[in-house]
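User: Please take a close look at one part of this model for me, and tell me how it sits among its surroundings. Keep it informal, but give the cut-offs as you go.

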Amino acid sequence: MQNTEYISRDGMVVHSTKYSDIIFNSELEILQVIWKAKPTDSAFIDTYLRGLDFVQEERPVMLYCTDLTMVGPLEREQEAWLNNVYYSKLQSTLNADVCVAVVFTEEHFKAIITNYTATKSATSHDFIVFNYFTDREEAIHWLETVKKGQDTILLPTSSKL
């Protein structure tokens, strides 16, 4: 992994491009992907793989925040890559449950709610708990409460004994 680490007000910047910043807050143990510009498919994949490199080589992370407020919704191909490739890689790396806070704009959030249809993903990722926000501070606060064990979310249980 290319060493592009430096400190921002949110934590250590693990990777930074014109499209995104990956920031690790060591105190809260949260890895953030903050999108700054609509990425190409290759930039999108590269960003997530850089984050995965950090998790594999530096530190296992169970709490994530993805901020999409500057870029809007992901392309279908990008969502498909996350569902079909990335989440499986993350699971095989960590072999643990993770929590992901996703931050949208108000408009994006309303559009999702308006157009919501209950469908089961072709690929099930029972080890990931997603929660959705319109404010990054609220998202980080939720992850903080998860870390402290004060949240009442139901984490997936493993049937492997």
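Analyst: Let's take H1, starting with its partner: H1 and H2 are roughly parallel to each other (that label covers angles under 35 degrees, with over 145 roughly antiparallel, 65 to 115 roughly perpendicular and the rest oblique). Their axes cross at roughly 10° and come within 11 Å; axes here are lines fitted to C-alpha atoms, for helices over the stretch in contact, with angles from 0 to 180 degrees between N-to-C directions. This is a predicted model, so local features need pLDDT of at least 70 and side-chain atom pairs pLDDT 80 or more, while totals for chains, interfaces and linings use all residues. Residues are numbered from 1 along each chain as its sequence is written, and side-chain values use heavy atoms, without hydrogens or water.

H1 itself covers residues 41-57, and its 17 residues should span 24 Å at 1.5 Å a residue, which agrees with end C-alpha atoms 24 Å apart (the expected span is 1.5 Å times one less than the number of residues). Helices (H or I, at least four residues) and strands (E, at least two) are DSSP runs, counted from the N terminus.

Where the two helices meet, H1 brings Asp41, Phe44, Ile45, Tyr48, Leu49, Leu52, Val55 and Gln56. On the H2 side are Glu77, Gln78, Trp81, Leu82, Tyr86, Lys89, Leu90, Thr93 and Leu94. Contact means heavy atoms within 4.5 Å. Gln78 is one to look at: this H2 residue counts as buried at 2% relative accessibility (buried is under 20% relative accessible area, exposed over 50%, partly exposed in between, with a 1.4 Å probe and protein chains only). Leaving out residues up to four places away in sequence, Gln78 touches Asp41 and Phe44, along with Pro39 and Thr40.

H1 has plenty of other company. Its buried residues are Ala43, Phe44, Thr47, Tyr48, Arg50, Gly51, Leu52, Phe54 and Val55. They pack against H2 (76-94) and against four strands: S2 (11-16), S3 (20-25), S4 (30-35) and S5 (63-67).

Some of this belongs to the largest nonpolar core, which has 30 residues; Tyr48 is among those with the most contacts inside it, as are Leu31, Trp35, Tyr64, Leu82 and Tyr86. H1, H2, S3, S4 and S6 (98-103) each supply at least two residues of this core. A nonpolar core is a set of buried Ala, Val, Leu, Ile, Met, Phe, Trp, Tyr and Cys residues joined through side-chain atoms within 4.5 Å. Tyr64 reaches H1 too: beyond neighbours within four places in sequence, its contacts include Val55, Leu31 and Leu90.

Now for the loops on either side of H1. Lys36 forms a salt bridge with Asp21, closest N and O atoms 3.0 Å apart (a side-chain nitrogen of Lys or Arg within 4 Å of a carboxyl oxygen of Asp or Glu). Lys36 lies in the loop between S4 and H1 and Asp21 in S3, so the pair ties together parts 15 residues apart in sequence. Lys36 counts as partly exposed at 34%, whereas Asp21, at 15%, is buried.

Glu29 and Arg59 also meet in a salt bridge, 3.7 Å from N to O. Arg59 is in the loop between H1 and S5 and Glu29 in the loop between S3 and S4, so this pair ties together parts 30 residues apart in sequence. Glu29 is partly exposed at 35%, and Arg59 is partly exposed at 30%. The whole structure has six salt bridges.
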